[in-house]
Each structure stands twice: as structure tokens, then as C-alpha cells.
Amino acid sequence: MHLLSIYIEYYFNFTTLHLLHMKYSHCVWFIVVSILVSSCASTKKPSQKHAGSIHSYDLSEEGVIKRLSKSIRHETVSLEDTSEINYKAYEDFIDFLEVEYPSIHDNIERERIGQYSLLYKWEGSNSGLKPAMMIGHYDVVPVKYGDDTLWQYPPFSGEVEDGFVWGRGALDDKSGVMSTMEALEYLTEQGFQPERTFYIALHHDEEVGGVRGAQQIAEHLKEQDIELAYLVDEGLPIAEEILENVEVPLAMIGVASKGSINIELRYTQDGGHSSMPTRSSVIGTLSRAVNRIERKPMKASYRGLIVDTFEPLIPYMTYTQRLAFNNTWLFRGIIKSKLSKNPATNAALRTTAAKTIFEAGFKENVLPVEGRVIINFRIHPNDNVEDVVAYVRDRINNDNIEVRVLDRARNPSPVSSTGAAPYQMLKKTIEESFSQVLVSPSLFIAASDARHFHDLTSNIYRFRPIRARHEDRSRVHGIDERISVDNYMEMIEFQIRLIKNGASEL
Ligand SMILES: [Zn+2]
């Protein structure tokens, strides 16, 4: 679930802080502002330029665009009900890769795992180095019934028009898979030999949890006692227009991802006829419980990772934004409260609770005997599954409501180090590939297949060099998904550099 859209939303609507509405007294204000004005005056706002790309490799644009377009035409749609899946499209896609990338298939060994997921092993010359891994997924989400007519070009046409390649998967994640393959084909053709072994996994069921693909591949590697130096997966983009008045692009490397848990609240009581209602009701009791959770969400924090995310942007902010972000010791509360007001930034600060299902009653003149609510929590790295359950029990404060954890509860991922050599290599590769781009570590508020690989390495990074503007936020899993031809060419160059930079000792 590559929720690029959420992340773009996440960083946008942060408008100028209304500092003058603060609750501090005028006297304190005068002193504080006097100090801060002088401390900020030295931070001159640098000019804001759009990121350019740096071309180093001789790639045939016509060829690579044609292949991306063809890849979209394979309707490799994932569905929860596997009996409904058209696996013929998956087989055809695998055949297509073999035909289009002969050099890869001559030089790199390949296994099929979980039937349709592919694991390539590019043997390095130095067995003393830990292998690296690059993963992506070639399955895509379906196009909602009836939505296909709303697309500018049919969703599985792979149309190349107006400087874009259009279609389902153009962003998530066929461009990721295909740019990786282009890079491998290019490098193997050139006779490039890595010192480090590379594993490249192309998964087939990421959009429905990755249990048959990524999970089995991770198990397969674990059985061989393989320890990875690092793993790079899809994830966060290069966000442009991150804050209002801040146009400098920010490449966000996802160093952690949120956990998830579904909690069911169930309440039962005697029923009866609606002509003689009891004082308390199933609906009223459950509504009160939900209301108590909404009134006091789990704790927000503007510390650690989120501070690091905004840090490189500070010089590019407006004066009042700079004032606040340069002085979090004083303005942390205000920053937190401002960010909490926007659902997307709020998600980066705390564990969120989405009330997704509420069921009670079946007939207008019968009192319901039972009701249930399901709340989907997305768990911030500051919390864990137990914290969420304890919070729920504490907030609803009613022993008669049954609190049940549903299947597939998942703690947040560990936070990968930004000091580690692989992170620094990735950062350097981004800087070498895109001029004028800032890089920062960020929290990925969705989930991807990387979650299956935590036992294999502590260095997991979620990033694709996709340029994402505000208007693109609804295209992922939505209508008119597309990637620009220029951006796709940049992605391939980036993947080539990423392999070369990671191919020897870091
Ligand atoms: Zn994805």
C-alpha cells in the first residue's frame, strides 16, 4: 500500500504559524521576540530552485518508455479473493520480463517463489560483503468498477501522451519495478560486476499483504542465514511544494513505518420493543465509548524523527515558520497543535484512531441486543500494540464493553539508523542524481512489503525518486495515475547509481 498520496497531503497544508495568537503574556513576548529576532536574522532564506536532474548514462528513451508502457498493459491486479485473480496476466508479465531483459536473464540467476514472485540473485565477487536487497511489487490495485470511464486514458492502456506514461501502476509500483530492471539490464550489458551480492525481489501480492510473495522470500533467505547490509523498498517520494511558500523539493527516506491494529468494541444488553426503551442502550453506550476516544486521542510528540524531517527545510521557510522551528524549546506546543489540526500531519505525530465500522440494530421498532464498533489504529513508533489496548480500556472505562484485538495486529517497524553507512550512501545517491534537492529521514505512515524483512537487516529504507506535487496525491490507487517521461528517466539513472554506489564496501 504505497500511500504516496497520504504523504503528499501530510506535508502540504502547513500554513504560517499564527504566533500572535499565543497565550503568553505581552511581557514575556517582548523579551522572547527580542532574543529570537536576533537569532533568526542570521538565517537568510536561500533562493528556491526546482530540482534538476543529472544525466550520466546513455539510455534510449524510446526503448525504456515503450517497455514501461507495455508493463502497464499487463493487468496484474491483486484481489483479496485469490480465486478471482487472473494469474494468466502474472505469467504473461513474467514472460514479458524474460523477453525484454535478455542480459539480466543471461547473467543473473532467478527463482520463482510463492509461484509468481521473482527473486534474482546477482552474485558479487566479494563474499566477505553482506548482500544488499532491492524490492518492489508488480501487482496493482484494481480500478474501481465504473471509474475507468473517468480516466483521461484507459487505465491499462499504458498510453504515452502529454509527456506522461498513463495507467494503473505508473506510480505504484510498476515504475519502481521496471526502473530497477532497466538499471540491471544496462549494468549487465555494460559488463558491470558488483563486489557485493544483490538480491532483487519483485513481489506479486503486496497490495493484499505480501503473505505469499515477500513473506515467503524473507523466510527463504532466513533459512539460508542470510544477513543483509541494507534493503531499499518503495515508499516516500520527492515531495515538491512541501509547505506553503516552500518550494524546495524534499526527498523523504522512510526510515520507519507505522504499525496497525484493529480493535473491536462489543456491547450486549437485553433487547425489547421500542415502545418501552431502557434508559441506556447499545447504541448510546458504544457512542459514548467512541466519543471518549475522539475527545482525547493518543499523545502527540514533536520530537525525534519528525523534527529531523523538517530540519533541512528550516532555511527555506517563511520568517514566522523559521522562528518557531528554530526554537522548538519554546514553540513545540504550538507546532504540535498546528500540525495536529491537519489529518495528514497529525498522522505523523501520533497513533491515530479511525472508526471504520459501526453496527447495531436491524429493525426500527426493536431495541438492539448487540452492537460493535471497529477502530483501526495506526501505531506511531512511540507506541506499541499493548499501549493502544491499554489506552482503549482506560478511555472507555467500562468493563461491560468487550475489547477485542482482531487479526493481523502489527507493531511499528524499528527505526533504521540515519548514521548507518547505507543511509548515507542512499542520501549521497539522491544528491548526485538530483541537484537542489534536500534529503531527510521520515516516517512512512502506510505499510509496504519491507515489513517482512525486519529479521534480515536493521537498515531498511523506503524511497522512490518520484516527484510528487500536491495535485498528484489522489492519483496513487486513484484516477489518472501517471508518471512523467522525464521523471521515469531520472528514476532509472538513480537506480543505476544506487547499485553502483552500493556495490562495494561502504
Ligand atoms: Zn506499492
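Here is a short dialogue on reading helices, strands and sheets in this predicted model.

Q: Let's start with a helix. How many residues does α11 have, and how far apart are its end C-alpha atoms?
A: A handy idea is to compare the span of a helix with what a straight one would reach. Helix α11, residues 328-340, has 13 residues, yet its end C-alpha atoms are only 16 Å apart. A straight helix would reach 18 Å at 1.5 Å a residue.

Q: Where does α11 bend?
A: Look at Ile334, where α11 bends by about 30 degrees.

Q: And which residues of α11 are buried?
A: They are Thr328, Leu330, Phe331, Arg332, Ile335 and Leu339.

Q: Now a strand. Is β4 enclosed or exposed?
A: Good one to check residue by residue, taking buried as under 20% relative accessible area. In β4, residues 132-137, six of the six residues are buried, so this strand is largely enclosed by the rest of the structure.

Q: Which residues of β4 lie on one side, and which on the other?
A: The general idea first: side chains in a regular strand alternate between the two faces of the sheet. In β4, one side holds Ala132, Met134 and Gly136, while the other holds Met133, Ile135 and His137. Every one of these is buried, and both faces of β4 are covered.

Q: What joins β4 to strand β7?
A: Six bridges do, and the two strands run parallel. To find the register, start at Ala132, which stands opposite Phe198 in β7. Strand β8, residues 230-239, also runs parallel to β4 and is joined to it by three bridges. There, Ala132 stands opposite Tyr230.

Q: Let's turn to the antiparallel sheet. In what order do its four strands come?
A: The order is β12-β14-β10-β15, and the sheet is open. Its edge strands, β12 (352-360) and β15 (402-405), each pair on one side only. From one strand to the next, the twist averages 20 degrees.

Q: How many bridges join β12 to β14?
A: Eight, with the strands running antiparallel. For a place to begin, take Ala353, whose bridge partner in β14 is Phe377.

Q: Which strands does helix α8 lie across, and which does α13 touch?
A: For packing, ask which strands a helix meets and how its direction compares with theirs. Helix α8 (residues 282-295) lies across β10, β12 and β14, and runs at about 175 degrees to β12. Helix α13 (residues 385-396) packs on the sheet, where it touches β10, β14 and β15. The direction of α13 makes about 30 degrees with that of β10.

Conventions
Residues are numbered from 1 along each chain as its sequence is written. This is a predicted model: local features need pLDDT of at least 70, side-chain atom pairs count only at pLDDT 80 or more; totals for chains, interfaces and linings use all residues. Side-chain values use heavy atoms; hydrogens and water are left out. The expected span of a helix is 1.5 Å times one less than its number of residues. The bend at a residue is the angle between axes fitted to the seven residues ending there and the seven starting there. Buried means under 20% relative accessible area, exposed over 50%, partly exposed in between (1.4 Å probe, protein chains only). Two strands pair if DSSP finds at least two bridges between them. Axes are lines fitted to C-alpha atoms, for helices over the stretch in contact, and angles run from 0 to 180 degrees between N-to-C directions. Contact means heavy atoms within 4.5 Å.
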